[in-house]
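Hi,

Here is the structure I promised to pass on. Have a look at it first, and then read my notes below.

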4 protein chains.
Amino acid sequence: MCRWLAYSGAPIFLDEVLFKTDHSLIDQSLHASDPLSTTNGDGFGIGWYDKRDVPGVYKDIRPAWNDRNLQALANQIESGMFMAHVRATTGSPVQRTNCHPFSHEKWLFLHNGLINQYDTLRRDLLLAISPGLFPVLQGTTDSELMFMLALTCGMAGDVQSGIARMAGLVEETAARHGVEDALQMTLGISDGQSLYAVRYSTEGNSRSLYHTANREATMEIAPDAGRFSRDARAIVSEPLSSLEAEWIPVPEASFIEIAHGKVTCVPFAPISP
Amino acid sequence: MCRWLAYSGAPIFLDEVLFKTDHSLIDQSLHASDPLSTTNGDGFGIGWYDKRDVPGVYKDIRPAWNDRNLQALANQIESGMFMAHVRATTGSPVQRTNCHPFSHEKWLFLHNGLINQYDTLRRDLLLAISPGLFPVLQGTTDSELMFMLALTCGMAGDVQSGIARMAGLVEETAARHGVEDALQMTLGISDGQSLYAVRYSTEGNSRSLYHTANREATMEIAPDAGRFSRDARAIVSEPLSSLEAEWIPVPEASFIEIAHGKVTCVPFAPISP
Amino acid sequence: MCRWLAYSGAPIFLDEVLFKTDHSLIDQSLHASDPLSTTNGDGFGIGWYDKRDVPGVYKDIRPAWNDRNLQALANQIESGMFMAHVRATTGSPVQRTNCHPFSHEKWLFLHNGLINQYDTLRRDLLLAISPGLFPVLQGTTDSELMFMLALTCGMAGDVQSGIARMAGLVEETAARHGVEDALQMTLGISDGQSLYAVRYSTEGNSRSLYHTANREATMEIAPDAGRFSRDARAIVSEPLSSLEAEWIPVPEASFIEIAHGKVTCVPFAPISP
Amino acid sequence: MCRWLAYSGAPIFLDEVLFKTDHSLIDQSLHASDPLSTTNGDGFGIGWYDKRDVPGVYKDIRPAWNDRNLQALANQIESGMFMAHVRATTGSPVQRTNCHPFSHEKWLFLHNGLINQYDTLRRDLLLAISPGLFPVLQGTTDSELMFMLALTCGMAGDVQSGIARMAGLVEETAARHGVEDALQMTLGISDGQSLYAVRYSTEGNSRSLYHTANREATMEIAPDAGRFSRDARAIVSEPLSSLEAEWIPVPEASFIEIAHGKVTCVPFAPISP
């Protein structure tokens, strides 16, 4: 089980969110307050938009908590649209190409969850990737494969539809192999303009997802940053400990778009192929 | 262009071959005597047979020449059947799962060469892997894919036939896509009993491969080891500098088996699917 | 707070101890049963004696639990005298030269604990290292420095005396700087013949250390190995969960030597310089 | 023998200099045109000034040529004062803390060269570091030690004097130990405002150093960047192949300061302690 965080608003330095709080993503990945929660020490990644058309990405296989490059970079990088991910592998090798977020052209994509019995389904799902996108695939995770399938299914033109068709394809493939509870996912996606998120699972019991509805709640991810704009919003995969303000649970089976501080939440359902 | 070496004979310590000579594989990977030759700094690997049914494998993404773990391990590991590989990537990410040798059950497999226009052919070739072997695939190289295809084509029962059918499959797939000069390869393979090697390319102009025919020539890979048995034999992908003895060039399109000091060399031709 | 384990007895494969039990060192480093205990994800190391005069050492900066090289090596390495360490840094960079065990000539040395206010004392303690040993120093930990000081203090001739003089030197240096509670340590040391361990802290409240007194208790570190000799003994820094047999707590301020199954435990006290 | 490059001028993206030219620093580190030149595959680093008081630093132990993080970061980072270094170790372990540039507060520091018989002199030189700076030391190179000594000798107040006193201290220490040809160095230093460089060796036969005197010459380090300001200047440790414009060799024993396009070059001589 991984953890992730995404931010949209006026530019802030990443270290304000990632390092300078007692309940930062990175701090909690190491010192889980809940003994049952997983240590997220199997690599990490950050993705951000700055002055270039394509996002920046920095990933490594170390635990995020002991990577001094990450501290130095997060101290320099200022961005109004970024996401971060700490990983706990469920079997795929720990290598940079398996770390989130994944990027392709202007897109960033990250995932918490899994494709059930991935070993059984992987071959058929790989073959469903558009041949033109096939060479883009670098790693071996179910998450990157979902990203390639979503792009194959038209995510670049319509994010919600692309994700829904990807989910439908995974569920249909699973059904063909007799695999139950095919998909478990929270997703964070961006094209640099909007921040998208999805909470969904085949079994109807999805992993958690929360977003902020106003500037005050968002400030809790970095109380000392002092630079949050009125339209600053954040999404987190799991509640950060000691938060108290209005973090809104994303309902089961939902699709969210955040743009310029406006949060739109609509029901999400897979579209069968 | 990678470089590799394989050994079969009485057990010797690996560092005698890998580190303790002026013209060792690792030394030459760094200080190439030929300015046109490539620096092999994109990862390395060793595979060896000892007391277990499966071989040991140690790979890392550093250049072999600066890895102190490799030095310490090569000083401890004693083996009568081992192989080593230094890599120069032609595009695949530098990660352990892309380093040679690849292993599966009792098999070791390494490769110098390439599948031409791999990006174009990769999808169809992946599709040809036996579904049962598909979950074994860990990386993204053409080399590991060739290993999986050879196993799919029955290499475990008949090595030469499995490799020939794999080569035929690659060439047939390339022809279907209009890709010329499909395959370029020297291969080193072992099941722990015999050492196999192949020299072949579609264009009939294969990368070099040499083997020793007697104890004296083999001793040149480790002049100070002083423990070579009468049946010690070695294979190298490229001539080590300053060697003078009887290193025999493997003829174009050949299949070699070395067992108990006996070297059998027969013509090799792909078998079309 | 790190964790470590050491073994002396008939040769066994390392993976039997490190991987093949529910309460292995590596498993517990990730899934601590106690929520207050630290995640030991900041590198690891193993050291072992085999056929060479010097021990083998393998260290890396990843968490031990996701390193596939470690799994492959532990499956091949068979040893009758070995130790393993998983690290949680208290500030020193995570790099191989800071991972335990440290080695020099025939010696292996590992440590759980710390020199209090190391930043304050480090310079004076470095100065106390024998000039001849100074070039041996590779990393920046207090632990490696203690190893160099113990060698400087004659550990190679008399282990207990060398460690006692090292501890006295650290305490005297701390007193000079007004630093209290100078030293906190459990140590594991070997010359390939005997296994030595020390439990000591300036404040008289040392971190835990346990050893086995018979074959049956030792077998609990690898219940399925089935090859334990009558003289097999083990030392662990912290009790492995679910162990029930006779693991004997090492008394506060003790020095232990294990040789051929015989465990000698005597009081330990620093010797002032 | 390492290679390095430094830039001062209007902000440009780092990838324009590091990746997008046929004769980039990184390209030449791999494909040396001179067969005698060293492969610089033992780690690398970049340092740059942006919006924060302290510089950003990114270092890793891989060869620069295969690090995809570096490519992604260099595509995002825009800076008007930066430096880059590719390393060929002469013995110190390959670890991030041994990669250049080194940073402390607002300072960046990198080095090509060596302290002769460093193992012999290291202990005395370490003891010459100001106790207040001692905890800043992270690695084990002669280069970082020279940085700490220069700061100890007042570099923060007067760069030329600090470096001259450091060089004098090294030479005096060497003389005491009977070590000849104590120091060999080209240095690149910045406080974010000025770019400083030194070319000096005890033997009077220093490694090369070149700078540009105008915008046109500087443009050769990134012909397609198209954004060079009139005051853009660069320093390189070794001539980039195929350069033709006015790259000015820095004279033996010189100290250079570049600020706002103005290059000041004065004689450099060590100051004895």
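Let's start with a term: a salt bridge is a side-chain nitrogen of Lys or Arg within 4 Å of a carboxyl oxygen of Asp or Glu. Across the interface of chain B and chain A, that rule finds zero salt bridges.

Some housekeeping: this is a predicted model, where local features need pLDDT of at least 70 and side-chain atom pairs count only at pLDDT 80 or more, while totals for chains, interfaces and linings use all residues. Residues are numbered from 1 along each chain as written, chains are lettered from A and ligands numbered from 1 in the order written, and side-chain values use heavy atoms, without hydrogens and water.

So what do chain B and chain A share? In contact (heavy atoms within 4.5 Å) are 15 residues of chain B and 15 residues of chain A. About 1,500 Å² is buried between them, with 60% from carbon and sulfur atoms; buried area is the accessible area (1.4 Å probe) that two parts lose on being put together, summed over both.

Now for the symmetry. Chain B lands on chain A after a rotation of 180 degrees with 0.0 Å of shift along the axis (RMSD 0.0 Å), superposed by least squares on C-alpha atoms of residues with pLDDT of at least 70 in both. Of chain B's residues, B:Gln95 comes closest to that axis, at 3.2 Å (C-alpha). These copies meet through the same surface, because 100% of the interface residues of chain B are also interface residues in chain A.

Cheers
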